[in-house]
Amino acid sequence: MDTAGAPKALRKTLHERGMRMTPQRQLVLDAVRDLGHATPEQICQRVQVTAPTVNITTVYRTLDLLDRLGLVRHTHLGHGAPNYSIDAHEHVHLVCHRCGRVDEVPCELLSPLGGTLRDGYGFELDASHLALSGTCRECLTPSAPKESE
């Protein structure tokens, strides 16, 4: 999705479903766009800079609505709260379970797996909505020996 057109798309989608655009919805969408990846708590903090009365419940409800409308996506990067991003922001997240580092790789890297799943199991993989857990390069690399050893 063209993120510059997101407010217009949100207004149109809401209108088509009998809902209205509210300042809170606009602020939440803007915060997701500006932050790139963010938890609801981070989004709430950003929104409260300009609208201190917006609470976390409003942010969660708005994120749920935006997710259902296809304007944002959520990904679980671990055991905590989901991270939200603009729909066009598609990649696979690699999450290190040792240090918590999160790297991004192109969805196309999983194309061979997607083909295997489709051909063998009739399952269509949506890799753009995915986080893989493992161990990053730095955590796998043994520490260099200290000079005193």
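Where in the structure is the place of Ala127? In this predicted model, Ala127 lies in the loop that runs between helix H5 (111-121) and strand S5 (131-134). We will come back to this residue after a look at the protein as a whole.

## The protein as a whole

The protein has 149 residues, of which 34% are buried, and its secondary structure consists of 6 helices and 5 strands. Read from the N terminus on, these elements follow one another in the order α-α-α-α-β-β-β-β-α-β-α. Among the contacts in the protein with a separation of 6 or more, 49% join residues that are 24 or more positions apart.

Because the model is predicted, it is sensible to ask how its confidence is spread. The mean pLDDT of the protein is 84, and 89% of the residues reach 70 or more. Confidence is lowest in helix H1 (residues 6-16), where the mean is 75, whereas it is highest in helix H3 (residues 40-50), where the mean is 96.

## Three helices that pack on one another

Helix H2 (residues 23-35) packs against H4 and also against H3, while the axes of H3 and helix H4 (residues 56-68) come within 9 Å of each other. The table sets out the geometry of these pairs.

| Helix pair | Angle between axes | Axis distance |
|---|---|---|
| H3 and H4 | roughly 115° | within 9 Å |
| H2 and H4 | about 75° | 10 Å |
| H2 and H3 | about 120° | 9 Å |

The angle between H2 and H3 is about 120°, and that makes H2 oblique to H3. H2 passes H3 in a right-handed crossing. On the H2 side, the residues that take part are Leu27, Val28, Ala31, Val32, Asp34 and Leu35, and they meet Gln42, Ile43, Arg46, Val47 and Thr50 in H3. Sorted by class, the residues of this contact are 7 nonpolar, 2 polar and 2 charged.

For H3 and H4, the crossing angle is roughly 115°, and the two helices are therefore roughly perpendicular to each other. H3 passes H4 in a right-handed crossing. Here Pro40, Glu41, Ile43 and Cys44 of H3 come into contact with Ile56, Val59, Tyr60 and Leu63 of H4. The residues of this contact divide into 7 nonpolar, no polar and 1 charged.

H2 and H4 pack at an angle of about 75°, so they too are roughly perpendicular to each other. Gln24, Arg25, Val28, Leu29 and Val32 are the H2 residues of this contact, and Thr58, Val59, Thr62, Leu63, Leu65 and Leu66 are those of H4. In this contact there are 7 nonpolar, 3 polar and 1 charged residues.

## Val32 and Ser85

Which residues does Val32 contact, leaving aside its neighbours within four places in sequence? Val32, found in helix H2, is in contact with Ile43, Leu63, Val72, Tyr84, Ser85 and Ile86. Val32 counts as buried because its relative accessibility is 1%, and the cut-off for a buried residue is under 20%. Val32 and Tyr84 stand 52 residues apart along the chain, yet their C-alpha atoms are separated by 6.6 Å.

One of the contacts of Val32 is Ser85, whose place is in strand S2 (residues 83-86). Is Ser85 buried or exposed? With a relative accessibility of 6%, Ser85 counts as buried. When its neighbours within four places in sequence are left aside, Ser85 is in contact with Val32, Gly36, His37, Val72 and Arg73. Val72 therefore appears among the contacts of Ser85 and among those of Val32, given that contact means heavy atoms within 4.5 Å.

## Back to Ala127

Ala127, in the loop between H5 and S5, has a relative accessibility of 11% and so counts as buried. Not counting residues up to four places away in sequence, Ala127 touches His91, Val92, Cys107 and Leu110. One of these residues, Cys107, is 20 residues away from Ala127 along the chain, and the C-alpha atoms of the two are separated by 5.6 Å.

How values were computed
Residues numbered from 1 in each chain as written. Predicted model: local features only at pLDDT ≥ 70, side-chain atom pairs only at ≥ 80, totals over all residues. Heavy atoms only, no water. pLDDT = per-residue confidence, 0-100. Helix = DSSP H or I, 4+ residues; strand = E, 2+ residues; numbered from the N terminus. Axes fitted to C-alpha atoms, helices over the stretch in contact; angles between N-to-C directions. Parallel < 35°, antiparallel > 145°, perpendicular 65-115°, else oblique. Left-handed = near helix turned anticlockwise from the far one by under 90°. Nonpolar A, V, L, I, M, F, W, Y, C, P; charged D, E, K, R; others polar. Buried < 20%, exposed > 50% of the residue type's maximum accessible area, 1.4 Å probe, protein only.
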